[in-house]
Amino acid sequence: MRGGLALAACALALIASGAGSAHAATQRPTVFVAPFDLFDTAADQRPAIVADQHHWLRHAAARIRADLDRAGRAKAVGTGETLARMKRIDADYDHPSTCTSCLVSAARQAGAGFLFVGTLHWVSDLIVYMKAYLLDVRSGRELMARTFEVKSDDQLMLDRAADRMAAALETRLKH
């Protein structure tokens, strides 16, 4: 009986110190998913193609945010807050990805521990590369760099690439 009381007292002390709290156990890393950049070597400027590309740029980042939130190991800074933090940067640069320190600052202001920066590289109407890297906001260290080849420029294939990218990010944050 005395051993049971000592064990209970130990458990209460851990809970009181925060080591055993549910909050500590469910703390998830927060990721700032910056808007994707476009690198277009196909140079197809038909209005419908350009409109699709802009849609996919917005959609890829939003899809990765949603995937992170759904998977549960990490959480993403919301799209609205991300876009609000990007306004100042967007006004000064052709694309925010050209200013990594600006993106790191925006991620810090949003309370994120990690920064995810992606690019869609259009090679042709049959090949698109989704490239991305993950930075630790505190240290500035690159934790992951990935490239996925997409064999088509349609929504389904780009969604699959975004899902794979989010899964790779989740796996990297788990370690």
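Mentor: A helix here is a DSSP run of H or I at least four residues long, numbered from the N terminus. Keep in mind that this is a predicted model.

Trainee: How far apart in helix 4 are Arg85 and Glu81?

Mentor: Helix 4 covers residues 79-92. Within helix 4, about one helical turn separates Arg85 from Glu81. An α-helix has 3.6 residues a turn, so residues three or four places apart point the same way. In sequence, the spacing of Arg85 and Glu81 is four residues.

Trainee: What is the distance between the closest N and O atoms of Arg85 and Glu81?

Mentor: Side chains of opposite charge can pair when their charged atoms come close. The cut-off for a salt bridge is 4 Å. Arg85 and Glu81 form one, with their closest N and O atoms separated by 3.2 Å.

Trainee: Is Glu81 buried, exposed or partly exposed?

Mentor: Buried means under 20% relative accessible area, and exposed means over 50%. Arg85 has 27%, so Arg85 is partly exposed. Glu81 has a relative accessibility of 35%, so Glu81 counts as partly exposed.

Trainee: Which helix holds both Arg70 and Asp67?

Mentor: The side chains of Arg70 and Asp67 form a salt bridge, at 2.4 Å from N to O. The two residues are three places apart, about one turn of their helix. Both belong to helix 3.

Trainee: Is Asp67 buried or exposed?

Mentor: Its partner Arg70 has a relative accessible area of 59%, so Arg70 is exposed. Asp67 is at 10% relative accessibility. The limit for buried is under 20%. Asp67 therefore counts as buried.

Trainee: Which residue meets Glu149 in a salt bridge?

Mentor: Glu149 is at 35% relative accessibility, so Glu149 counts as partly exposed. Its partner lies 3.3 Å away, N to O between the side chains. That partner is Lys151.

Trainee: What is the relative accessibility of Lys151?

Mentor: Exposed means over 50%. Lys151 counts as exposed because its relative accessibility is 52%.

Trainee: Which residue's side chain makes a polar contact with the side chain of Asp159?

Mentor: Asp159 sits in helix 6. At 13% relative accessibility, Asp159 counts as buried. A network of salt bridges links Asp159 with Arg63 and Asp163. The polar contact, at 2.8 Å, joins the side chain of Asp159 to that of His59.

Trainee: How many salt bridges does the structure hold?

Mentor: We have met several pairs, including Glu149 with Lys151. The total for the structure is seven.

Trainee: Which helix gives the most to the largest nonpolar core?

Mentor: In soluble globular proteins, nonpolar side chains tend to be buried together. The largest nonpolar core here has 31 residues, and Val31, Phe36 and Ile64 are among those with the most contacts inside it. Strand 1, helix 3, strand 4, strand 5, strand 6 and helix 6 each supply at least two residues of this core. Giving eight residues, the top contributor is helix 6.

Trainee: How many residues are in the other core, apart from this one?

Mentor: Met86, Ile89, Ala106 and Ala107 are among its members. Ala106 and Ala107 are also among the buried residues of helix 5. The number of residues in this other core is 17.

Trainee: Which residue with a positive phi follows helix 5?

Mentor: Helix 5 covers residues 100-109. The residue that follows has a phi near 80°. The residue is Gly111.

Definitions and conventions
Residues are numbered from 1 along each chain as its sequence is written. This is a predicted model: local features need pLDDT of at least 70, side-chain atom pairs count only at pLDDT 80 or more; totals for chains, interfaces and linings use all residues. Side-chain values use heavy atoms; hydrogens and water are left out. Buried means under 20% relative accessible area, exposed over 50%, partly exposed in between (1.4 Å probe, protein chains only). A nonpolar core is a set of buried Ala, Val, Leu, Ile, Met, Phe, Trp, Tyr and Cys residues joined through side-chain atoms within 4.5 Å. A polar contact is a pair of N or O atoms within 3.5 Å; within protein, one must be able to donate a hydrogen and the other to accept it, and residues adjacent in sequence count only if both atoms are side-chain atoms.
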